[in-house]
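This report is written for a reader who meets the structure for the first time. It takes up the sheet, a helix, the metal site and the pockets in turn.

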Amino acid sequence: MKRAFQVLGLILLVNGSASGAPGQSSPYAAADIRNLYQELLGKINAIPLYDNHAHPGFADDTDVDAMAAPPEESSVLRLRDDNPEFVTAAKSLFAYPYDDFQPEHAKWLAERKNAAKKTGGSAYFDQILDKLNVETCLSNRAFMAPYLDGKRFHWVFFGDSFFFPFDNRDQAGSTPDMGVYIPLQEKMLARYRKLMGFDTLPADLAGYEAFVRNTMAENQKRGGVAVKYEAAYFRSLYFSDPPREKAEAIYAKYRAGGVPPADDYRVFQDYIFRLMVDQAGKLKLPMHFHTAVGIGDYFSLQQGRVLNLENVLRDPRYHGTIFVLVHGGWPYEREAALLTAVKNVYLDTSFQSELLYPSQFKDVLKQLLTLFPDKMMYGSDAFPFNDALGAEESFWLAAHTTRTALAAALAELVGEHAITRDKALELARLYLHDNASKLYGSGTGGAK
Ligand SMILES: [Zn+2]
């Protein structure tokens with residue numbers, strides 16, 4: 001009788017039983033999915049993170065981004081400062097003695113960060129990375145700060161300001177948000193100009209082209225490992241391919257003054273964008289794009305949609321340029337994932353790792369892991385929210401969400417016999433660390 005059951009069991013396995021046989025996937029996970037999760041989580045916690053995208057720094061450091069928050073912003077539920085997870089983060093990182101962020105309690109945290117800032121050394125943010133087992137953090141900032149250790153924090157500079165050399169009053173006046181964003185782009189362009197020794201704009205397009213190319217090369221020498229575009233906040237991510245003569249005529253007409261009509265300005269930007277794609281390819285400098293919903297009432301989901309970039313990403317002329325779809329296109333993350341089929345296109349899951357709860361992010365990762373797992377990278381999008389809640393807690397939230405969601409996604413895939421345990425851990429290492437480390441190198445900034 002016992003033997004008969006064994007034979008029956010064998011037949012069920014061969015045909016694919018409810019729990020699935022090794023090498024044959026099943027829609028249902030094995031019963032021990034929670035054990036699998038715990039086992040994988042332990043191993044995943046030990047893998048150091050390579051953070052593809054963050055804005056590290058103290059709250060009063062205006063260089064943490066080239067942009068600022070719009071005048072009015074609707075914060076999603078999880079990123080409001082009454083999210084109890086931030087209390088857990090502060091307890092974990094600083095032994096925060098309170099259970100909420102009542103103003104008199106939050107003061108404790110703000111004072112602690114103020115004290116760290118006053119010391120001026122780079123040990124403080126290194127310790128934050130150590131506590132979270134983060135090895136390297138790409139730092140998307142206007143410029144780097146002396147309190148960030150160049151060995152761990154590598155600079156990703158901004159390229160958008162080159163889009164705005166002319167009189168920008170029409171764009172700045174188009175929405176209240178653009179009224180905040182555009183003057184900051186003008187300021188960034190003025191800083192680059194000063195850096196490169198220009199009092200005014202170069203006399204002709206050839207001069208402006210050289211200024212753009214040389215600034216990119218110079219920033220790379222100063223430690224830049226990639227160039228980032230927040231273009232989706234300002235315009236469509238669709239870039240046409242205008243001839244140089246058109247851009248030359250527009251530059252000649254508006255260099256010294258006058259407000260360009262919207263169509264002319266866009267043509268000029270499209271031309272300069274393609275020049276930067278070409279230069280990034282020559283410099284072997286990856287290009288980062290904000291590809292996700294953005295903050296503020298006026299961010300256009302349609303214009304910022306990742307598929308707008310498809311004509312550029314699939315253009316054979318640009319196969320030498322590395323493109324990274326920062327924030328993984330969310331909420332169009334499947335479109336972004338499918339674009340990483342192109343050999344020089346990558347994505348990161350920054351911002352999703354803070355916006356989505358682990359149960360939601362698990363499903364995103366489960367899909368990504370089974371498409372192009374050698375093209376996906378961890379990212380936090382850590383950012384200082386205010387004096388008390390800083391990039392520190394933000395780093396914690398992204399790391400926690402990602403590690404737990406990844407362990408759950410992999411536990412399901414192993415439990416369903418889609419992949420083995422060994423394969424699961426190999427995929428975890430690729431995503432959390434190795435893909436990025438291979439792409440940028442693991443030396444100090446600019447070592448690529
Ligand atoms: Zn960001």
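Which residue in E4 is the bridge partner of Phe-158? The model shown here is a predicted one, and in it the bridge partner of Phe-158 in E4 is Lys-228. This contact belongs to the pairing of E3 with E4, which runs in the parallel sense over four bridges.

**The sheet**

The pairing just described is part of an open sheet, in which eight strands are arranged in the order E1-E2-E3-E4-E5-E6-E7-E8 with parallel pairing. E1 and E8 stand at the edges of the sheet and have a single partner strand each, so one side of each of them is left without a neighbour in the sheet.

Strand E4, which spans residues 224-229, is mostly covered, since six of its six residues are buried. E4 also pairs with E5 in the parallel sense, over three bridges, and here Val-227 stands opposite Met-287 in E5. Strand E5 (residues 287-290) in turn pairs with strand E6 (residues 323-326), again in the parallel sense and over four bridges, and the bridge partner of His-290 in E6 is Val-326.

**Helix H5**

Helix H5 covers residues 123-131, and its buried residues are Tyr-124, Phe-125, Asp-126, Ile-128 and Leu-129. These buried residues pack against helix H3 (84-94), helix H4 (103-119) and H16, and also against two strands, E2 (134-140) and E3 (153-158). After H5 comes Asn-133, which has a positive phi near 55 degrees.

**The zinc site**

Which residues coordinate the zinc ion? The ion is coordinated by His-53 and His-55, each through NE2, and by Asp-381 through OD, at 2.1 to 2.2 Å. Along the chain these donors follow the spacing H-x1-H-x325-D. His-53 lies in strand E1 (residues 49-54), while Asp-381 lies in the loop between strand E8 (376-377) and helix H16 (391-415), so the pair ties together parts that are 328 residues apart in sequence.

Is His-53 buried or exposed? Its relative accessibility is 1%, and His-53 therefore counts as buried. Asp-381, at 13% relative accessibility, counts as buried as well, because buried means under 20% relative accessible area.

**The pockets**

The largest pocket has a volume of about 1,100 Å³ and is lined by 41 residues, of which Asp-65, Ala-69, Glu-73, Ile-295 and Phe-383 lie nearest its centre. Helix H7 (176-195) and helix H14 (352-355) are the elements that give two or more residues to this lining, and H7 provides the largest share, with four residues.

The second largest pocket holds about 510 Å³ of space. Its lining consists of 26 residues, and those closest to its centre are Gln-171, Met-178, Phe-234, Arg-235 and Gln-303. At least two residues of the lining come from each of helix H6 (169-172), H7 and helix H10 (262-283), with H10 giving the largest share, four residues.

The table sets out the linings of the two pockets by residue class.

| Pocket | Nonpolar | Polar | Charged |
|---|---|---|---|
| Largest pocket | 21 residues | nine residues | eleven residues |
| Second largest pocket | 13 residues | eight residues | five residues |

How values were computed. Residues numbered from 1 in each chain as written. Predicted model: local features only at pLDDT ≥ 70, side-chain atom pairs only at ≥ 80, totals over all residues. Heavy atoms only, no water. Donors = N, O, S within 2.8 Å, 3.2 Å for Na, K, Ca; no water. Buried < 20%, exposed > 50% of the residue type's maximum accessible area, 1.4 Å probe, protein only. Pairing = 2+ DSSP bridges. 1 Å grid on protein atoms, 1.4 Å probe; cavity = no way out; pocket = protein on both sides within 12 Å on 5 of 7 lines; lining within 4 Å. Points joined across faces, edges and corners; volume = space filled by probe spheres on them. Nonpolar A, V, L, I, M, F, W, Y, C, P; charged D, E, K, R; others polar. Contact = heavy atoms within 4.5 Å.
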